[in-house]
Amino acid sequence: MSDMPPDREALQALLDFHVEAGVDLALDETPHNRFAEQPPPTAPERSLPAEPRTEAPRQPSAPATPARPLPKAAAGTPEDAAHLARELAHSAQSLEELEGLLAAFEGCSLKFSAKNLAFADGNPQGRVMLVGEAPGADEDRIGKPFMGRSGQLLDRMLAAVGLDRTQVYVANIVPWRPPGNRTPTPQEVAICKPFIARQIELAGPEFLLCLGGPAAQNLLDIKDGILRTRGRWFTYKAGDGREIKALATLHPAYLLRQPLQKRLGWRDFQALRRALDGKD
Ligand code: URA
């Protein structure tokens with residue numbers, strides 16, 4: 001390497017290249033243990049609500065977060081985080097309360113790199129609940145699921161079967177954006193799972209639409225990939241014993257990358273329409 005400082009144009013070109021490639025986090029060359037600089041993941045005795053993390057708009061139905069302290073976690077292991085998540089999720093008596101508890105929960109490290117919690121969008125009273133994988137950059141900025149290009153395609157698919165977000169409820173199995181849009185780890189999914197399970201239970205939809213493999217595999221407890229499971233109806237067993245008809249379909253982000261597969265997506269949405277109309 002030469003000792004000459006890189007010129008401004010070269011630096012600009014390199015920066016442009018990184019932006020094009022989707023790099024949106026600056027990391028140092030030597031690792032830092034950021035969590036050592038944070039309060040412990042399962043901080044004891046904090047009052048809700050948590051401080052808003054950015055000035056990005058919150059959901060219209062901003063939750064009246066419960067002003068009660070979180071239970072103490074014994075230690076900061078992933079198992080403790082999952083245990084605390086189960087306790088908290090189970091204790092929520094409404095979606096607003098659940099959102100408040102999730103906003104204050106510090107057992108999932110994704111919370112610390114995300115700008116916002118993207119808890120839900122749409123109508124929790126809708127007959128259909130759609131569940132995707134995890135927020136992307138747009139969702140993270142806005143604080144709601146499916147706001148970017150995938151969300152726009154999702155809206156077009158919903159419109160094709162006479163639905164819109166005033167009629168459906170939308171969430172993700174993981175409510176914080178994984179850095180750089182990486183896939184959430186199994187551990188992150190496991191820690192967040194009690195929250196999405198309780199969210200489904202409290203919303204109580206008639207139909208559940210799992211968008212993509214991770215949502216289908218984690219919610220429906222199946223191992224097969226989405227290309228094998230899409231278009232098939234499953235039974236989702238909610239924690240309160242209710243059985244919800246669940247359909248697995250391709251994720252809109254996949255359909256954007258593989259437009260030829262859109263016909264399969266349309267087919268699944270038509271199957272949902274028929275089920276809503278009591279025709280299946
Ligand atoms: N992809 C998802 O799975 N969820 C979102 O909210 C956005 C993109």
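This report looks at the ligand site and the cysteines of a predicted model.

## Where the ligand sits

Let's start with the ligand, which occupies the largest pocket. Around the ligand we find Gly 132, Glu 133, Ala 134 and Pro 135, together with Glu 139, Pro 145, Phe 146, Asn 172 and His 251. Sorted by class, this shell comprises 4 nonpolar, 3 polar and 2 charged residues.

## Polar contacts to the ligand

If you are setting out to inspect the site, three atom pairs are listed here. For Glu 133, a backbone N or O atom is 2.8 Å from an oxygen atom of the ligand. Ala 134 also brings in a backbone N or O atom, here 3.1 Å from a nitrogen atom of the ligand. Asn 172 takes part through its side chain: a polar atom there lies 2.8 Å from a nitrogen atom of the ligand.

As for cover, the ligand on its own has 240 Å² of accessible area, and the protein covers 92% of it.

## The cysteines

Now for the sulfur atoms. How many disulfides does the structure hold? The count is 0.

Cys 108 and Cys 192 are a good pair to check. The cysteine sulfur closest to that of Cys 108 belongs to Cys 192, at 3.9 Å, which is too far for a bond. Looking from the other side, Cys 192 likewise has its closest cysteine sulfur in Cys 108, at 3.9 Å. A disulfide requires the two sulfur atoms to be within 2.5 Å, so the 3.9 Å between Cys 108 and Cys 192 does not qualify.

Are these residues buried or exposed? Cys 108 is buried, with 1% relative accessibility, and Cys 192 is buried as well, at 1%.

How values were computed:
Residues numbered from 1 in each chain as written. Predicted model: local features only at pLDDT ≥ 70, side-chain atom pairs only at ≥ 80, totals over all residues. Heavy atoms only, no water. Buried < 20%, exposed > 50% of the residue type's maximum accessible area, 1.4 Å probe, protein only. Near = heavy atom within 4 Å. Polar contact = N/O pair within 3.5 Å; in protein donor to acceptor, adjacent residues only side chain to side chain. Areas by Shrake-Rupley, 256 points an atom, 1.4 Å probe, with all protein chains shown as cover. 1 Å grid on protein atoms, 1.4 Å probe; cavity = no way out; pocket = protein on both sides within 12 Å on 5 of 7 lines; lining within 4 Å. Sits in = over half its atoms within 2 Å of the grid points. Nonpolar A, V, L, I, M, F, W, Y, C, P; charged D, E, K, R; others polar.
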